[in-house]
Amino acid sequence: MLLIKCPWCGDRDEHEFSYGGEAHIVRPRDPEKLTDDQWADYLFMRKNPKGAHLERWVHAHGCRRWFNVERDTVTHAITAVYKMNEKPPRSSKT
Amino acid sequence: MNNKPSKYSIVSLVRNALNYHQNWQEAWRSPEPKKEYDVIIVGAGGHGLATAYYLAKEHGVTDIAVLEKGWLGGGNTGRNTTIIRSNYLWDESAAIYEHALKLYEGLSQELNYNIMLSQRGVLNLAHNLHDLRELSRRVNAIRLNGVDSEILTTEQVKAMVPIMNTSPHSRYPVLGASLQRRGGTARHDAVAWGFARGADARGVDIIQNCEVTGIKRNGAGVEGVQTSRGFIKAKKIGVVAAGHSSVLADMVGLRLPIESHPLQALVSEPIKPVLDTVVMSAAVHVYVSQSDKGELVIGAGIDSYNSYAQRGSFQVVQHQIGALLELFPIFSRLRMLRQWGGIVDVCPDASPIISKTPIKGLYFNCGWGTGGFKTTPGSGWVFAHTIAQDRPHRLNEPYNLERFSTAYLIDEHGAAAVAH
């Protein structure tokens, strides 16, 4: 089980959180101007890296706030936790 | 080619018994990789080996190498809960899963290798009125596609599985079930081993401990693969790497709509026969069958987060055991022997991708999520056709990579029952 440090509540068990998938996917400004391929890329295509992954979590059974996490998808080690409006840590290659 | 394997039979069994089983021929060779092949298959799991087998048998392509980074059948092929069924809702799914089930039905004879197919039936339980209506709708759709399926009442379920708690006072009462009698289980390792032996006998080189680290492109096409045992040239490359599909796609800058998740399963200590069918429940979320050794084989849903670690979180196990005991209070003092995880490649529509790619000569077979084992022969069959003919088989035409742009998704979420 993961121990996740919520930026507001501190260390909590994984089962208090819900997973929100890849972080930093920006909704296109003018969706109607996109080709079908570009729209599909936004909707469906994912990085799915083996290693450092930037992802979103929500403290569903706590403060109910969203935040970003950098977690290794092989070791499950969490290397950074940062707020939604913050930039990913510089160490991240993704 | 020159490696004619001896046929397994009662005669060979007796002959080898007299020699204390010291002289069994190896089921497949372990050759050194050649410099070049017509076709390279990346991944010697069930799907990859089946692809190589059908390429050789149905399409006369025998200059094939199947590259495996670990050992043969050591990934999801050896980690699933061995359930086989074809009771899928949509026409596209019913067609390919039923094709696979029909191939399974003749596979032991065809491969001269006992895959221990046991068509013990698969039950999908309904726990509320909506479940029951949804199952009825699915059963009707499934039957229209010529696949066997029927609805059982609570009493019929109880008669079939007497140890199940069907009390109307339980928290999630069993209101009925759908049943596919032709569904069941097979020995997962034997499926991989049988296909490996069959492919090897037709001249396919199966090369284990050979990890693909790069795919070399040549203009619009492919030139070969970089591996831990050197560069190997190939005219065509078929990638069947399950959880690691995104990693391989990344090597050629291809983006896939796939996320890798852990899927955990566990087996109990062996007990006397108590359960002679497969029981699945989407609502309380568990599936269970009893192996020939007597162990209960238990599975449930995926861990929510992306992972390549072949292990997941404890609360997922806790949840599936809770669900198991809700249905079978008799198992409450059973001890669990082993628990493991596999990396499943999940597509947004919970259907696979068996497709050509924008790169000529590069093919992907991935996105099977949690439902890959039951399609092993069918997947290999259509993927072999796709590679050999450079165009999809009728059955896998809908499973192309372009469907995410054309929006022709095959939405099998909740596929006929449990998560997938």
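In this predicted model, Asp390(B) is partly exposed, with a relative accessibility of 25%. Its salt-bridge partner is Lys356(B), and the closest N and O atoms of the two side chains are 3.7 Å apart. The pair links distant parts of the chain, since Lys356(B) sits in strand β17 (residues 353-356) of chain B, while Asp390(B) sits in the loop between α10 (376-389) and α11 (403-406), 34 residues apart. Lys356(B) is likewise partly exposed, at 33% relative accessibility.

**Tyr363(B) and its surroundings**

Both members of this salt bridge also appear among the contacts of Tyr363(B), a residue in strand β18 (residues 362-366) of chain B. Leaving aside neighbours within four places in sequence, Tyr363(B) touches Lys356(B) and Asp390(B), and its further contacts include Ser355(B), Thr357(B), Phe383(B), Thr386(B) and Ile387(B). A stretch from an earlier part of the chain contributes to the list as well, namely Lys236(B), Ile237(B), Gly238(B) and Val239(B). With a relative accessible area of 1%, Tyr363(B) counts as buried, because that value is under the 20% limit used for the term. Ile353(B), which is 10 residues away from Tyr363(B) in sequence, has its C-alpha atom 9.8 Å from that of Tyr363(B).

**Salt bridges**

Over all chains, a search of the whole structure finds 25 salt bridges. Three of them, all in chain B, are set out here with the distance between nitrogen and oxygen.

| Positive residue | Negative residue | N to O distance |
|---|---|---|
| Lys356(B) | Asp390(B) | 3.7 Å |
| Arg182(B) | Glu98(B) | 2.9 Å |
| Lys57(B) | Glu58(B) | 3.0 Å |

The side chains of Arg182(B) and Glu98(B) meet at 2.9 Å, N to O. Arg182(B) lies in the loop between β6 (176-180) and β7 (184-185) of chain B and Glu98(B) in helix α3 (residues 91-105), so this pair ties together parts that are 84 residues apart in sequence. The two partners fall into separate classes of accessibility, for Arg182(B) is partly exposed at 21%, whereas Glu98(B) is buried at 6%. Salt bridges that share partners join Glu98(B) and Arg182(B) with Lys102(B), Glu105(B) and Asp148(B) into one network.

The salt bridge between Glu58(B) and Lys57(B) has its closest N and O atoms 3.0 Å apart. Glu58(B) is partly exposed, with a relative accessibility of 36%, and Lys57(B) is also partly exposed, with a relative accessible area of 34%.

**The surface of chain B near its start**

A nonpolar patch on the surface is formed by Ile10(B), Val11(B), Leu13(B), Val14(B), Leu18(B) and Trp24(B), which together have about 600 Å² of accessible area. Ile10(B) belongs to helix α1 (residues 10-18) of chain B, and with a relative accessible area of 62% this residue is exposed. Asn23(B), in the loop between α1 and β1 (36-42) of chain B, is exposed too, at a relative accessible area of 52%. The C-alpha atom of Asn23(B) is separated by 42 Å from that of Gln180(B), a residue 157 positions away along the chain.

**Chain A**

Chain A contains 1 helix and 6 strands, which follow one another along the sequence in the pattern β-β-β-α-β-β-β. Its C-alpha trace spans about 45 × 25 × 25 Å along the principal axes. Of the 94 residues in chain A, 39% are buried, and residues 24 or more positions apart account for 47% of the contacts with a separation of 6 or more. The accessible surface of chain A is about 5,800 Å², and carbon and sulfur atoms make up 47% of that area. Chain A carries 16 positive and 14 negative side chains, with the centres of the two sets 5 Å apart.

Two loop residues of chain A have a positive phi without being glycine. Asn48(A) has a phi of about 45° and lies in the loop between α1 (36-43) and β4 (52-58). His76(A) has a phi near 65° and lies in the loop between β5 (66-72) and β6 (78-83). Are these residues buried or exposed? Asn48(A) is buried, with a relative accessible area of 2%, and His76(A) is buried as well, with a relative accessible area of 8%.

Conventions:
Residues numbered from 1 in each chain as written. Chains lettered and ligands numbered in written order. Predicted model: local features only at pLDDT ≥ 70, side-chain atom pairs only at ≥ 80, totals over all residues. Heavy atoms only, no water. Helix = DSSP H or I, 4+ residues; strand = E, 2+ residues; numbered from the N terminus. Buried < 20%, exposed > 50% of the residue type's maximum accessible area, 1.4 Å probe, protein only. Contact = heavy atoms within 4.5 Å. Areas by Shrake-Rupley, 256 points an atom, 1.4 Å probe, with all protein chains shown as cover. Lys, Arg positive; Asp, Glu negative; His and termini not counted. Charge placed at Lys NZ, Arg CZ, Asp CG, Glu CD. Patch = residues over 30% accessible without salt bridge, like charges linked within 9 Å, V, L, I, M, F, W, Y side chains within 5 Å. Salt bridge = Lys/Arg side-chain N within 4 Å of Asp/Glu carboxyl O.
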